[in-house]
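Got a minute to go through some labels with me? Let's take a structure and ask what earns each term its place.

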Amino acid sequence: MAKAGPQRAGGSYRGRGQRRPPTWEISDSDTEGAASAEADSKAATRVRDPAEERREAAEALRLLRPEQALRRLTVRVDPAILEDAGADILMEALGSLGCEYHIEPQRPSRSLRWSRVKPEPCLSSICGPICSVPWISPESATCPHLAVIGLDAYLWSRQPNAQEMRQPESPGEAPAEVVVGWPEVEEALVLLQLWANLDVLLVASWQELSQHVCAFTKALAQRPFRRFQESKAFSFYTAGRWVAGKRVTRDGTGLRGAWWRQIRQFNRVSPAVADAVVTAFPSPRLLQQAYVACGTEQERLALLADLPVKVDGGGRLRRVGPDLSRRICLFLTSTNPDLLLDLSS
């Protein structure tokens with residue numbers, strides 16, 4: 001029984017004339033499941049809900065607002081500053097500002113440092129794939145600033161009076177102390193700025209220093225939002241419903257309303273007058289074509305002057321008038337960028 005198996009196997013090999021390569025049966029159910037799950041995850045990553053993207057963009061933009069960024073700022077105060085009696089004014093100002101402040105040893109001593117509590121929000125839909133956080137960090141090479149309190153009062157107190165200036169020095173007396181005035185101070189300030197790259201801030205009191213620190217902290221909080229605004233194609237345009245803009249769709253719906261709002265931007269133009277112009281010429285292109293068809297310049301300037309304006313209440317008939325007609329004509333036809341449209345302004 002033990003030898004029968006190999007004999008049959010050998011006879012089978014001689015009968016076929018060639019050896020059959022070994023084969024294995026592998027179930028592909030597991031691989032298919034993993035591949036389909038991976039494909040589904042990639043498809044879900046590629047196709048995202050537009051509403052979710054808008055919500056994320058709105059949330060990231062909200063976190064970039066200065067009032068939100070101020071909460072993520074931390075002012076680190078060296079304990080040596082608290083030895084001065086006027087330091088309480090600075091600490092009260094930082095407490096009322098809305099940001100965090102920590103008492104920690106700093107290098108150099110008696111200094112302040114600004115840092116972030118947590119990373120700044122930076123979604124790809126708002127800031128792009130690469131986002132540099134514009135904050136002062138301990139690792140960044142920043143220019144230090146030196147604050148001097150009460151230098152002006154000190155110099156005035158060290159000025160000699162008239163009697164000391166008239167009194168001659170006797171041979172036995174020690175020479176008078178060298179008086180430092182504003183010329184020497186200004187020279188020292190220039191040397192510090194040019195040679196040591198050190199800016200000096202002269203303040204009269206701790207109150208003035210606290211105001212400067214708070215203003216600098218608020219400026220840091222406003223910096224991310226300002227950089228985001230400047231990175232857009234039109235930094236002066238702010239998207240949102242609160243700007244009261246007229247929405248224009250791809251099929252042209254809303255163009256008439258945008259044209260009406262453009263007419264309303266002229267000085268002393270009522271809604272009724274804008275209605276009269278838009279009713280006669282529903283688009284700027286039609287009005288430009290009418291200007292081209294005019295034979296003379298006077299005819300173009302007076303094209304809109306006699307358009308009737310509907311007045312509620314059944315009063316006397318009103319017209320657009322020659323002044324507005326001239327301004328709209330110059331606005332659409334003039335090539336002089338320095339031309340003043342409103343002569344009465």
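**Labels and the values behind them**

Q: Why is Arg-327 called buried?
A: Arg-327 has a relative accessible area of 3%. Buried means under 20%, so Arg-327 gets the label. Bear in mind that this is a predicted model.

Q: What makes the pair Arg-327 and Asp-323 a salt bridge?
A: The closest N and O atoms of the two are 3.3 Å apart. The cut-off is 4 Å between a side-chain nitrogen of Lys or Arg and a carboxyl oxygen of Asp or Glu, so Arg-327 and Asp-323 qualify. Both sit in helix H15, 4 residues apart, which means a separation of about one helical turn.

Q: Which residues are joined into one network by salt bridges that share partners?
A: Arg-268, Asp-323, Arg-326 and Arg-327. One of the links is Asp-323 with Arg-268, at 3.4 Å from N to O. That pair connects distant parts of the chain: Asp-323 belongs to helix H15 (residues 322–333), while Arg-268 is in the loop between helix H11 (255–264) and helix H12 (271–280), 55 residues apart.

Q: Why is Asp-323 called partly exposed, and what is Arg-268, buried or exposed?
A: Asp-323 comes out at 33% relative accessibility. Partly exposed covers what lies between under 20% and over 50%, so Asp-323 fits there. Arg-268 is at 55%, so exposed is the word for Arg-268.

Q: What is notable about phi of Arg-268?
A: Phi of Arg-268 is near 60°, a positive value in a residue other than glycine. Asn-197 is another case, with phi near 55°. Asn-197 is in the loop between helix H9 (182–195) and strand E5 (199–203). At 47% relative accessibility, Asn-197 is partly exposed, because exposed would take over 50%.

Q: How many salt bridges does the rule give?
A: The count is 6. Among them is Arg-76 with Glu-104, whose closest N and O atoms are 2.9 Å apart. Arg-76 lies in strand E1 (residues 73–77) and Glu-104 in the loop between strand E2 (100–103) and E3, so the pair ties together parts 28 residues apart in sequence. Glu-104 counts as partly exposed because its relative accessibility is 27%.

Q: What makes Ser-115 and Arg-76 a polar contact?
A: Their side chains are joined at 2.9 Å. The limit is 3.5 Å for a pair of N or O atoms, so the contact counts. Ser-115 lies in strand E3 (residues 112–116), and with a relative accessible area of 8% Ser-115 is under the 20% limit and therefore buried.

Q: Why is the peptide bond from Arg-107 to Pro-108 called cis?
A: The bond has omega near 0°, and that goes with the cis label. Pro-108 is placed in the loop between E2 and E3.

Q: How do you know that H5 is roughly parallel to H10?
A: The axes of helix H5 (residues 87–97) and helix H10 (residues 206–231) cross at roughly 30° and come within 9 Å. Angles under 35 degrees count as roughly parallel, so H5 and H10 get that description. Their crossing is right-handed.

Q: Which residues of H5 and H10 meet?
A: On the H5 side they include Ala-87, Ile-89, Leu-90 and Leu-97. Their H10 counterparts include Trp-206, Ser-210, Val-213 and Cys-214.

Definitions and conventions: Residues are numbered from 1 along each chain as its sequence is written. This is a predicted model: local features need pLDDT of at least 70, side-chain atom pairs count only at pLDDT 80 or more; totals for chains, interfaces and linings use all residues. Side-chain values use heavy atoms; hydrogens and water are left out. Helices (H or I, at least four residues) and strands (E, at least two) are DSSP runs, numbered from the N terminus. Buried means under 20% relative accessible area, exposed over 50%, partly exposed in between (1.4 Å probe, protein chains only). A polar contact is a pair of N or O atoms within 3.5 Å; within protein, one must be able to donate a hydrogen and the other to accept it, and residues adjacent in sequence count only if both atoms are side-chain atoms. Axes are lines fitted to C-alpha atoms, for helices over the stretch in contact, and angles run from 0 to 180 degrees between N-to-C directions. Angles under 35 degrees count as roughly parallel, over 145 as roughly antiparallel, 65 to 115 as roughly perpendicular and the rest as oblique. A crossing is left-handed if the near helix is turned anticlockwise from the far one by less than a right angle, and right-handed if clockwise. Contact means heavy atoms within 4.5 Å.
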